[in-house]
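Load the model and keep the selection panel open. The stops below each begin with something to pick.

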Amino acid sequence: MMRLELERRSCPICGKRHRSRRFAPSRISIEALDRLAFASRKMPEYMHWQLFECHDCDLLYADPAPRPDDLAMLYRDADFDSGLEARFASRTYGRFLSRIVPRLPDTNIAVDIGTGDGAFLVELLATGFEDVVGIEPSSAPIEAAAPSTRPLIRQDIFRGDSFAPESLSLITCFQTIEHLADPLTFCRDAWRTLKPGGALFLIGHNRRAISARLLGRNSPIFDIEHLQLFSPTSLRRLLNTSGFARTEISVVYNRYPVRYWVQLFPFSKALKKWLLRFLKQNRIGEFVIPLPAGNIAAIAYKGSDIVVRQPSDVQILHTSYEP
Ligand SMILES: [Zn+2]
């Protein structure tokens, strides 16, 4: 029997607690926690940990939160049911590659962290990367991967020693940064593994997006799986603190079919059912339209003019930071 233990956290970017105030009490029932700990197949919805807001970093973070080892165990057994969504999302995110790739030192190797069924690996290969690797901790999405993609995926989590220092041209990581117990160490490890001039391309939820403001705490971004929620300011601060020389933040226009937008939208159950039935009867439901769904993209480049002699000694190279 697994017991979920919680531990205290401070702001995952600046490491301080005294600049934070409580944003929301936890919305978790004991029964739901039991289900989470024992069954762990499907994460409960409309629940979140107690949240604090760091005023210096503009970040929301869970405190207390489950221990990283327990989280790893929960994710290993999590279900995967979003194959179609992953394909549409990959195409949306793939549109950024035409902007990123010409600025990279080369297209030797790209790594996609939290790759799921490896849908984005197909986009990376199509862009011209010679070698692509996907990292994914859960078994279910790897089993769901296409036979040609599966050999490219390693069942693992990304660590500082997963790849040689300064060996990667591009690291991508989508809808994952919110789930990490220590996003700062993750970004520093990514920085260390990238070649000079290489880039880290992140996509996450924007807590300052209009959709998040309108829905308040009923927004799906308030989720038991999310240990922090970023804004453009906090994402930039995370990446600059990790050593990246230049960070570009932009709003993501997700391209999904109309019927998928209807599923995502917080319509009443009855209206949603009626709309989906209506869309099934004609082709409107299949039209693909771009809308801002509350996601932000960050593309952070590792300075190419910096010589690092002792990577382990270097914590912060650039402290400059534009709010
Ligand atoms: Zn902070």
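Which residues coordinate the zinc ion, and through which atoms? Select C11, C14, C54 and C57: each one coordinates the zinc ion through SG, at 2.3 to 2.4 Å. Bear in mind as you click that this is a predicted model.

**Stop 1: the zinc site**

Put angle monitors on the four donor atoms. They subtend 105 to 114° around the zinc ion, which makes the arrangement tetrahedral; the test for that label is that all angles lie between 85 and 135 degrees. Along the chain, the donors follow the spacing C-x2-C-x39-C-x2-C. Now keep C14 and C57 and trace the backbone between them. C14 sits in the loop between β1 (6-7) and β2, C57 in the loop between β3 and β4, and the pair links parts of the chain 43 residues apart.

Turn on the surface. Are these two cysteines buried or exposed? C14 is partly exposed, with a relative accessible area of 26%. C57 is buried, at 0%. The cut-off between the two classes is 20%, so C14 falls above it.

**Stop 2: the sheet next door in sequence**

Select β2, β3, β4 and β11. These four strands form an open sheet, in the order β2-β3-β4-β11, with antiparallel pairing. The edges are β2 (20-24) and β11 (228-229), each of which pairs on one side only. Strands of a sheet pair through backbone hydrogen bonds, so display those next.

Zoom in on residues 51-54 and 59-62. These are β3 and β4, which pair in the antiparallel sense over four bridges. Pick E53: L60 in β4 stands opposite. The zinc donor C54 belongs to the β3 range, 51-54.

**Stop 3: helix α5 and an aromatic cluster**

Select residues 119-127, helix α5. A119, F120, L121 and L124 are buried there. An α-helix has 3.6 residues a turn, so residues three or four places apart point the same way. Look down the axis of α5 with L121 and L124 coloured; both are among the buried residues. Step on to G128, which follows α5: its phi is positive, near 115°.

Go back to F120 and add Y93, F96, F174 and F201. Together they form one aromatic cluster.

**Stop 4: F158 and F186**

How many aromatic pairs does a search of the whole structure find? It finds 11. For one of them, select F158 and F186. Their ring centres are 5.6 Å apart and their planes stand at 70°, so the pair is edge-to-face. F158 lies in the loop between β8 (153-155) and β9 (168-174), and F186 in helix α7, so the pair ties together parts 28 residues apart in sequence. Both rings belong to buried residues.

**Stop 5: T193**

Follow α7 (residues 183-193) to T193. T193 is buried, with a relative accessible area of 1%. What is T193 in contact with, leaving aside neighbours within four places in sequence? Show F158, F163, A164, P165, E166, S167, L168 and I171. F158, from the previous stop, is on that list.

**Last view: the whole protein**

Zoom out. The protein has 11 helices and 13 strands. Of its 323 residues, 49% count as buried. Among contacts with a separation of 6 or more, 77% join residues 24 or more positions apart. The accessible surface comes to about 16,200 Å², and 53% of that belongs to carbon and sulfur atoms.

Definitions and conventions
Residues are numbered from 1 along each chain as its sequence is written. This is a predicted model: local features need pLDDT of at least 70, side-chain atom pairs count only at pLDDT 80 or more; totals for chains, interfaces and linings use all residues. Side-chain values use heavy atoms; hydrogens and water are left out. Two strands pair if DSSP finds at least two bridges between them. Helices (H or I, at least four residues) and strands (E, at least two) are DSSP runs, numbered from the N terminus. Buried means under 20% relative accessible area, exposed over 50%, partly exposed in between (1.4 Å probe, protein chains only). Donors are N, O and S atoms within 2.8 Å of the metal (3.2 Å for Na, K and Ca); water is not among the atoms, so sites may look incomplete. Four donors count as tetrahedral if all angles lie between 85 and 135 degrees; four count as square planar and six as octahedral if opposite donors are over 155 degrees apart and all others between 65 and 115; anything else is irregular. Contact means heavy atoms within 4.5 Å. Accessible areas come from the Shrake-Rupley method with a 1.4 Å probe; for residues, only the protein chains shown count as cover. Rings of Phe, Tyr and Trp (its six-membered ring) pair if their centres lie within 6.5 Å; planes under 30 degrees apart count as stacked, over 60 as edge-to-face and the rest as tilted.
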